Structures are given as structure tokens and as C-alpha cells.
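Trainee: Got a minute? I'd like to walk through this one with you before I set anything up.
Mentor: Sure, pull it up and ask away.

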Amino acid sequence: MIKRNQNYDQLKDQIDYIKNHILDCKSPSVAASYQNVYRMLVNTYYICTGKIYQDNNINKNRYASYAGLEKNKTLLSRYEQNYLENKSFHQEMFSASLENLSEIWNSYFESDAYLKLYASHQKHFDERKGEDIDILHQYFLEKDKTLLEILKDLQKQNAIYAFPDTVYLPKRALAILNSVENKASIFIPKNTGCDTSYLASIVHELGHVLDFYDLVQRQSNKISGTYFTKSIFAEVLSTEYQMDFYDFLINNNYHEIEARRERALTYNSYLDSLEDASLYACLPDEYYSLVKNNTFTRKELISLIDPEYEGLEDIEDMIASNFNESLEYSYSILLHPIFSNDKKIKDQFMTIRHNYFDKEVMTSIALTPENVAEKAIEKAHTYFKT
Ligand SMILES: [Zn+2]
């Protein structure tokens, strides 16, 4: 059984550390990353314990309260500007795949093959016999030994925490990547049974930690702590491992039916994000500041794009995913197939992923809308044979 730590004092230690070292910030960028990590830790500490971390010091320090805030604001507007500059490329990227992927998914959704998965019972792995740990170890040894080292390391540090299961939280699992102390912690569901979705959430969060350590190594102490809060590529690696883990379960016949179902459900939610992201990318620039902080239904988004649109009545009126998440999940569902095909492209991507998005750079490493779509469609066909 993977032990889930329910004592959150170590989080408090991390918060204290930032508070006590806030004067170490030698530049606004460092202050900004201190602030991001601080906020994330305080929020999560509250979610897990119900306790509010009381602190006045951090706000009294001029780096933390002013330079950091200002830097974060500047960074946000730079990311916005970067998005708008590349908007037509994003739009091309999404529309090159969307229609085909939706078609493949829809015919699968209506097939008997899908119905069979849906009607099956959810089986659990036997935690007492250590089935969960055996499977994870086997997968990591096959896919990436670094993940196994990370898992063991987090276990040793007691940094795998129980995350409360409540309908009020938008997330079921989470990773906190503390760039101030280069520490990682993951939070996995507290009470859920040990099913495929639970194991996949562990793999996904460990993927974030691997992404983080890799970035720390490449950037040494220059890491800004902003990659994980603002980059549109922040979900790519974790999603790649998660999807690949379903394949591993299926190929090795470990709860194959459940793994197929989980893979389908995960894929479907990412596909929703891709639809939303392509709607956002069609909006005129002036609506951008409106949509990034507000919730819209798909109907509302479409009427912003085209007030005269005639088929509006036929569209299901669902809430669109939030702007940033839709972008992040779209790139992760689109890029993971090309990476599993071509290690060289993935290696090149790893060297550019933390920079500002640049369509020239994307094109130079063969991540063009056409190439990406080709592999994404190929992969969807293998997932959803009817
Ligand atoms: Zn994630």
C-alpha cells in the first residue's frame, strides 16, 4: 500500500522557510516565485487541515508584497501578449485535429465496445498484498526508472499526502513543486479505493515532479517558479505518463476493461478542453481579458465569436473549461502521441518547454499542426477501435 501521510506539519515547515527567507530575494523574479509557492502551500495547507496559516511578515516585506506582486502581474501580461501573438498558430494547431478526433470519439461513444466498458464493474487492486506498488514499480522500470527513484524518494520523505475527497474541490490530486527549496510533494485521494483511476493519478502527479526536477537541473538556480503556474506545457509530461500507464495496464492485462474505460473517460475530458480551447482561439483579441477571468458556457462563447450564428439552439449549453486549463490540456492531449513515436522530438521539446511559446521554434522541431494532427489521429484510432 502507498502510505498517504495525514500529518501536514511538513507543509507548515515549508511555509515557515519561505517566510524566514523572504529577505533572500535578490530580484523581483525570485520574489515572484517565492510568492507563487507560498500561495500554493498556504492554500493546500488550508484544504488539508482546515487551518489558516496566519502570517503578517510576508506582507511586510517589500520584495514579497510589492516586487513579487508586480513581477507576477508583468509576467501575466507578458504571457497574455504571447498568447495573442501566437493565437492564429494555436487555432491552426487545434483545428488540424479537432474534427477528426471528435469523429473518432463519437463513433466509439456510440459503439457496443464502449457500452461494454461502461456496464462493467470497477475492480480494485489488492493493496494488502501490495499489488498497487508492484504494478507501479513494474511500470516505472519499463517506462522510466527516474519515476521509480522519485516515488521512493517521496515515500522516504513522507511527502505523499492524503488529499481530501470532496465535491467542492476541482481537483482530485495535486503536486506542489516548491522551487524555493527544490522540494516536491504530491497529494493523492484519501478515501478512494485502489482502482485504475487512483493509480493513474499517482502516475500523473509523479510526472509533474519529474518535469519539475528536470527543469531545475536544466535551469539550475535560475528557475523562476512560474513554469508550473503559467506555461501552457505544464500538463504535457504528466499526461503523457498517465495515458501511457493505461496502455501498460491494458497490454499487461491488469484490469484491462477498467483501464480502457478510464482511458476513454480521461480522453473525453481532454477532448472537451480541446473544443473549448479552439473556441477561445477564435475570439477577437479584445474579448481575451473578459474570458480569462470569467466562466462562460459554450453557447455564450459562440455568440461572442459570431453574434449571427444560426445553429446556436442545437448546441448543448455546457460550461466551458477555464481558459488556461483548456490550453494546457489541449496541448497535452495533442503532443503526447508524437512524443511516444519520436524520442528526438521529445528531447528537443524538453529544452524549449519553459520558454515563451514561439511558433518558429515549434516549427523548427517539427511540432507543426500537420505533424501533430497526424500522430494524434493515428493514436486515437488505436485507442478507439470499434
Ligand atoms: Zn496535472
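**Loops, sheet and core**

Mentor: Let's start at a loop: Asn-182 sits between S2 and S3. Keep in mind that this is a predicted model.

Trainee: Okay, what about the phi of Asn-182?
Mentor: The phi of Asn-182 is positive, about 50 degrees, even though the residue is not a glycine. S2 and S3 make a hairpin with four residues between them, and Asn-182 is in the turn.

Trainee: Is Asn-182 exposed or partly exposed?
Mentor: Asn-182 counts as partly exposed, because it has 13 C-beta neighbours inside 10 Å.

Trainee: Which other residue has a positive phi although it is not a glycine?
Mentor: Asn-253 is one, with a phi of about 60 degrees. You'll find Asn-253 in the loop between helix H11 (236-251) and helix H12 (256-282). Asn-253 has 8 other C-beta atoms within 10 Å, so it is exposed.

Trainee: Back to the strands. In what order do they come in the sheet?
Mentor: The order is S1-S3-S2, in an open sheet of three strands with mixed pairing. Strand S1 (160-163) and strand S2 (174-178) are at the edges with a single partner strand each, so one side of each has no neighbour in the sheet. From one strand to the next, the twist averages 25 degrees.

Trainee: Mixed how? Which pair is parallel and which is antiparallel?
Mentor: S1 and S3 run parallel and are joined by four bridges. S2 and strand S3 (residues 183-189) run antiparallel, with five bridges.

Trainee: Can you give me some partners to click on?
Mentor: Try Ala-162, which stands opposite Ile-188 in S3. On the S2 side, Ala-175 stands opposite Ile-186, and Leu-177 has Ala-184 as its bridge partner in S3.

Trainee: Is S3 mostly covered or mostly open?
Mentor: Mostly covered: five of the seven residues in S3 are buried.

Trainee: Which helices lie against these strands?
Mentor: Helix H2 (residues 28-49) lies across S1, S2 and S3, and runs at about 140 degrees to S2. Helix H9 (residues 196-219) also packs on the sheet, where it touches S2 and S3. The direction of H9 makes about 165 degrees with that of S3.

Trainee: Switching to the core, then. How many residues are in the largest nonpolar one?
Mentor: That core has 92 residues. Those with the most contacts inside it are Tyr-34, Leu-41, Ile-186, Leu-206, Val-209 and Val-372. You've met Ile-186 already, as the residue opposite Ala-175.

Trainee: And what does Val-372 touch?
Mentor: Leaving aside neighbours within four places in sequence, Val-372 is in contact with Met-93, Ala-96, Ser-97, Leu-334, Leu-335, Ile-338 and Leu-367.

Trainee: Let me zoom out. What is the secondary structure of the whole protein?
Mentor: The protein has 18 helices and three strands. Its radius of gyration is 21 Å, close to the 21 Å that the globule rule gives for 386 residues, so the protein is as compact as a globular protein of that length.

Trainee: I need to pick a box. What are the spans along the principal axes?
Mentor: The C-alpha trace spans about 60 × 55 × 40 Å.

Trainee: Last ones: what share of residues is buried, and how far apart in sequence are the contacts?
Mentor: Buried residues are 39% of the 386. For contacts between residues at least 6 apart in sequence, 76% join residues at least 24 apart.

Technical notes
Residues are numbered from 1 along each chain as its sequence is written. This is a predicted model: local features need pLDDT of at least 70, side-chain atom pairs count only at pLDDT 80 or more; totals for chains, interfaces and linings use all residues. Helices (H or I, at least four residues) and strands (E, at least two) are DSSP runs, numbered from the N terminus. The radius of gyration is taken over C-alpha atoms; the globule rule is 2.2 Å times the number of residues to the power 0.38. A residue is buried if 20 or more other C-beta atoms lie within 10 Å of its own, exposed if 12 or fewer, and partly exposed in between; C-beta atoms are placed from the backbone. Two residues are in contact if their C-beta atoms, placed from the backbone, lie within 7 Å. Two strands pair if DSSP finds at least two bridges between them. Axes are lines fitted to C-alpha atoms, for helices over the stretch in contact, and angles run from 0 to 180 degrees between N-to-C directions. A nonpolar core is a set of buried Ala, Val, Leu, Ile, Met, Phe, Trp, Tyr and Cys residues joined through C-beta atoms within 7 Å.
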